[in-house]
Structures are given as C-alpha cells and as structure tokens.
Amino acid sequence: MPEFYDLSAEGPLTVALASGKGGVGKTSLAVNLGLAFASLDLDTLLVDADYSFANADIMLGLETPAEVDAALAAAHAEVGGLELERFLVAGPAGLDFLPGVSGSLASANLDRMTAATIARQMRRLARDRDVLLFDTGAGLAGLTVEVAALADLVLLVLTAEPTAFMDAYGMLKVLRRFAPRAEVQLLVNRARDAADAAAMAERFRCVTERFLGMTLEVAGWVPEDSNVHAAIRSQSAFFLECPESPAALALRDLALRFETSASPHGDRGRSSKTPSRMVAP
Ligand SMILES: Nc1ncnc2c1ncn2[C@@H]1O[C@H](COP(=O)(O)OP(=O)(O)OP(=O)(O)O)[C@@H](O)[C@H]1O
Ligand SMILES: [Mg+2]
C-alpha cells in the first residue's frame, strides 16, 4: 500500500459506493444518501468519482458547465498541480459537491498512481468534514479502486439481477486485494420487501463465505420505488422531492445508523461504525 495514504482514524467518515455492474443505482443512492447525511446537519462532501460518465450533478439538479468538465479533466492530466478546491460546488440542502468527468478517454483510464494521487487530493478536501461520500463508476476503473482503498466503508450495491450479483462478487475480489483497509458491506437495492432483500443478501453472503471466506455485513436495503426514476427524469433528488417516499426513508435510516460514526468530525472512533441488521424503510 502506498505510504502516502492517510490512515489515521481522524477525518471524515469515508464511504464509497461501488458495484461492478453499471446501472444498479450507485449514483441515485450516493446522491440521496449524501442529502440524508446533510439533513442530519453533518458536514458532507459528495464526490463524483465516476470519471467515465459522471452524472451525479444531474441527479442533484446541478449543471456542470462544459468548461469545468474540461478544466477538471485537464487538471487531472497534470496531477502535480491539482487544486480541486476550485471545482467545489454548493449543492442543494447544504450538501457540498465535487463533480466528476464525463466523456474523456484519458480521465476514464487513469493509471493507478495518478488515480491514487487524485483520490488522496479528494480526501484532503474533506479533511475537516464529517462525511466524505464517493460515487464510483461501473466496472473496474483505477479511480474506483483507489477511492475504495482510502474509504472506511465500501457499500457494495447489489440488485436481484444475476449479472449484478456476479459483478459485485468480482468487485469484491478486487477490493479484497487492492482495498484491504475498507470494510465492505452490502447495500441491497430495488428489493420488493424486507424478505426479498434478506434473501438476496443471504445468497451473496453464502457465496462469499464459501469461496472467499468473507462474512459480509448488510448495511441496509432500499426498496424498488418509482419516485427514484421520476426524480431523475425531473433532474431532482427524491430525498428532497419526496422525503416520505420508501426509498428516501430507507436512506434516512441508513444515514442515521452511521451518524454516530461520523460526528463530531475529527475524533471519530472507528469501532462503533457499522450496524449489522437489515434496515427497514
Ligand atoms: N430503488 C430504486 N427504485 C427504482 N428505480 C431505481 C432504484 N435505484 C435505481 N433505480 C433506477 O436505476 C437506474 C440506474 O440508476 P443509477 O444511474 O443510479 O445507477 P448507477 O449504478 O449509478 O449506474 P452507472 O453504473 O451507469 O453509473 C435509474 O434509472 C434509476 O431510476
Ligand atoms: Mg452512476
């Protein structure tokens, strides 16, 4: 592990959402979980670490001007002089946001050393905050691995599709090797109900226990909810538009569970950080 990682227990609770397969809900959950943390008065920075097709800004109702996208991509090309502060945006409801990069082949294919440097810079931006939340892209991008490597917790998003299941397993194998510090927990998305979520999680846990000798805890689950899609279509966040929707309630519960681990910033004890039972929305 590169020695420049800041492994001290101080600093924000750092959480990365990852999956393997695309389209399982990482960005929807990251954006709205960020808003849920902010609604608890936690100083929260959401970083879009999807450098292939960043789109958390759209789900936040923000627009990243093409010049900013290009400047960010260029800044990453000269990592030495990276000053990410200037790209920070005030998102809705007190959530701070660092946009990602979209449609740049170079940014999408960062080498690991560059990705590690960028990830470290991102973390530095959140040094004095309570929560740092990373959205990541689909697939095995170097940046995904590097942000996971400095996270306290990786929420591995799982849906019922067998392909999502297989790719989450593949991602877990990579994380185990390249991000050994992070605790990985399951976040089941688009479940029909609690029993469905529990069954999905149990199937995955059986496989990881049998083949990887890993027992994964379940951070929570989010139900299938038409408000999620409707919010994306109207370029807004369901946590703000429909705060009583099942998905919003599930994320509020999830944020509440991590609240004690995230606050107050700077003297967080890692031992108390994670719950193990399923969250009811
Ligand atoms: N709980 C849910 N209920 C209903 N629809 C959902 C839910 N979660 C996600 N979706 C839908 O799944 C689609 C993909 O979501 P999203 O873009 O957040 O996935 P992603 O994992 O970030 O994708 P990518 O890997 O391409 O970045 C969206 O159309 C969204 O509406
Ligand atoms: Mg996404």
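In this predicted model, L33 is buried, because 28 other C-beta atoms lie within 10 Å, and a count of 20 or more is enough for that label. L33 belongs to helix 1, which covers residues 26-39. Neighbours within four places in sequence can be set aside. L33 is then in contact with L133, L251, L254 and A255. A further pair shows how the fold brings distant parts of the sequence together. L33 and A250 are separated by 217 residues in sequence, yet their C-alpha atoms are 9.3 Å apart in space.

One partner of L33 is L251. Seen from its own side, L251 touches L29, N32, L33, A36, V222 and F239, again without residues up to four places away in sequence. L251 also stands out in the largest nonpolar core. This core has 89 residues, and L251 is among those with the most contacts inside it, together with A148, V154 and L156. The element that gives the most to this core is helix 11, which spans residues 246-262 and supplies 9 residues.

The wider chain gives the setting. The chain has 281 residues, and 50% of them count as buried. Its secondary structure consists of 11 helices and 8 strands. Contacts over long stretches of sequence are frequent: among contacts between residues at least 6 apart in sequence, 80% join residues at least 24 apart. The pair L33 and L251 is one of the contacts in this chain.

Notes
Residues numbered from 1 in each chain as written. Chains lettered and ligands numbered in written order. Predicted model: local features only at pLDDT ≥ 70, side-chain atom pairs only at ≥ 80, totals over all residues. Core = buried A, V, L, I, M, F, W, Y, C linked by C-beta atoms within 7 Å. Buried ≥ 20, exposed ≤ 12 C-beta atoms within 10 Å, placed from the backbone. Helix = DSSP H or I, 4+ residues; strand = E, 2+ residues; numbered from the N terminus. Contact = placed C-beta atoms within 7 Å.
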